[in-house]
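Grab your viewer and work through these exercises with the model open. Each one has a task and then a solution in steps.

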Amino acid sequence: MSIRDIESVEEVVFMDEIFDCEQPRRKKKSYRARVSPLEMYSDAEFRRKYRFSKEGAIKLIDLFGAQLKSDGRGGKLSPDLQILTALRCWGRNEVQDDSADLHGISQQSITNVCRRVALSIVQKRQMYIRMPANLDEELQKMNMFSDICGFRSVVGCIDCTHIRIPHVPGNEGHYYINRKNFPSLNVQVVCDASLKIMDIVARWYGSAHDSRIFNESALKLKFEGGQFHGRLLGDSGYECTPYLFTPVLRPRSRKEVRYNAMHVRTRNSVERCFGVLKSRFRCLQTGFRNSLENIKLYIVALAILHNIAIIFNEEEFPVEEEVVEEQELQPIQAVGRGAAVWAAFIEENF
């Protein structure tokens, strides 16, 4: 069973079947003694290494540990050590040999452990990554954005970020080379004002334009179908539509200047989201060394853990300057009905 075609949270529905696959028999192994990191480290040191507080890590074990108990694979590794091993690999982006030695696990087992933990997390994706389900939830999101600087009717902010991957061999490899000349996945995210991720698309190659990813997403179809009353804010790399507002490229009036200033302040939520996400899980900043199918899985799992960290009120990690990405996309001029709705909104509200 492959997860090669994972595109978004909704498209991982078949992952439950992966756990049912029969495994070949293996020779009996002996295992090194393992000590729980919860006992080894001080609170501050634990958080630095595992990217969650001890209290938060225990909650994660309670949330996802049950799905890891029934599986006797992985050297009979306890659910708590499986989860903590994965957190350390993703959070510190350590070489797998180092993480394996620290946790008393063979290096070969680390990838299997991380994959099993990611699958257990992604199975609960619909609880943690979702757009507003009704008008009341939408209004709550709109009010949170309005509290930033008064920009009305915003239900989410959208942008893409590049996640570095190993070189992809074969005829399709060049599609993954992005505009900065390294291989990546271009990952689309929609977040709310609290920086929670509400939608994620994690399958597109690095050369794909942000606007194409949105145009071919299930989320756009929902907006086109009138499922949401609010709108998204995006940068000038997106087409301006009645449900996705972009900046004014050449503002000529005070209203347009004010609109742009408030648009930047409000849309900054998604830039901050990327910064906080990549600072907690440094593998997203420095890149992965795994297979492409596992990388796509890990990205969705880490988005879920990012949201859970916000729910748990986990302290953020300092955002390094290089995490904030420069926008180098060719701007798209607003035209048609989108431009008309956009212009009327600026005239009425600014």
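## Exercise 1: Lay out the sheet

Five strands form an open sheet in the order β3-β2-β1-β4-β5, and the pairing is mixed. Keep in mind that you're looking at a predicted model.

**Task.** Work out which strands stand at the edges, and why one side of each is left without a neighbour.

**Solution.**
- Start from the order, β3-β2-β1-β4-β5.
- Look at the ends: β3 (197-205) and β5 (244-245) are the edge strands, and each has a single partner strand, so one side of each has no neighbour in the sheet.
- For the wider setting, the protein has 14 helices along with its five strands.

## Exercise 2: Follow β1 and its partners

**Task.** Find how β1 pairs with β2 and with β4, and say which residues Cys 157 meets in β2 and in β4.

**Solution.**
- Take β2 (residues 184-191) to begin with: β1 and β2 are antiparallel, with eight bridges between them.
- Then go to β4 (residues 231-233), which runs parallel to β1 and is joined to it by three bridges.
- Now zoom in on Cys 157. Its bridge partner in β2 is Cys 191, while in β4 it is Leu 233.
- Further along β1, Ile 163 has Leu 185 as its bridge partner in β2.
- Finally, check the cover: β1 spans residues 154-164, and ten of its eleven residues are buried.

## Exercise 3: Look inside the largest cavity

**Task.** Determine how many cavities of 30 Å³ or more the structure has, and describe the lining of the largest cavity by residue class.

**Solution.**
- Searching the whole structure turns up four cavities of 30 Å³ or more.
- The largest cavity holds about 60 Å³ of space.
- Its lining consists of Thr 161, Ile 163, Val 187, Val 189, Ile 200, Phe 274, Leu 277, Leu 284, Ile 299 and Ala 303.
- Sort that lining by element: β1, β2, α11 (254-280) and α13 (292-311) each give two or more residues.
- Sort it by class and you get nine nonpolar residues, one polar and no charged ones.
- Notice a familiar name: Ile 163, the bridge partner of Leu 185, is part of this lining.

## Exercise 4: Place Pro 132

**Task.** Is Pro 132 buried or exposed, and which residues is it in contact with beyond four places in sequence?

**Solution.**
- Locate it: Pro 132 is in the loop between α7 (125-128) and α8 (135-149).
- Its relative accessible area is 6%; buried means under 20%, so Pro 132 counts as buried.
- Leaving aside neighbours within four places in sequence, Pro 132 is in contact with Glu 137, Glu 138, Lys 141, Val 155, Met 198 and Phe 228.
- Try a distance too: Pro 132 and Gly 156 are 24 residues apart in sequence, and their C-alpha atoms are 9.8 Å apart.

## Exercise 5: Check a helix and the whole chain

**Task.** List the buried residues of α2, then find what share of the protein's residues count as buried.

**Solution.**
- In α2 (residues 43-50), Phe 46, Arg 47, Lys 49 and Tyr 50 are the buried residues.
- Just after α2 comes Arg 51, with a positive phi of about 70 degrees.
- Zooming out, 54% of the protein's 350 residues count as buried.
- The accessible surface is about 16,800 Å², and carbon and sulfur atoms own 48% of it.

How values were computed:
Residues numbered from 1 in each chain as written. Predicted model: local features only at pLDDT ≥ 70, side-chain atom pairs only at ≥ 80, totals over all residues. Heavy atoms only, no water. Buried < 20%, exposed > 50% of the residue type's maximum accessible area, 1.4 Å probe, protein only. Helix = DSSP H or I, 4+ residues; strand = E, 2+ residues; numbered from the N terminus. Pairing = 2+ DSSP bridges. Areas by Shrake-Rupley, 256 points an atom, 1.4 Å probe, with all protein chains shown as cover. 1 Å grid on protein atoms, 1.4 Å probe; cavity = no way out; pocket = protein on both sides within 12 Å on 5 of 7 lines; lining within 4 Å. Points joined across faces, edges and corners; volume = space filled by probe spheres on them. Nonpolar A, V, L, I, M, F, W, Y, C, P; charged D, E, K, R; others polar. Contact = heavy atoms within 4.5 Å.
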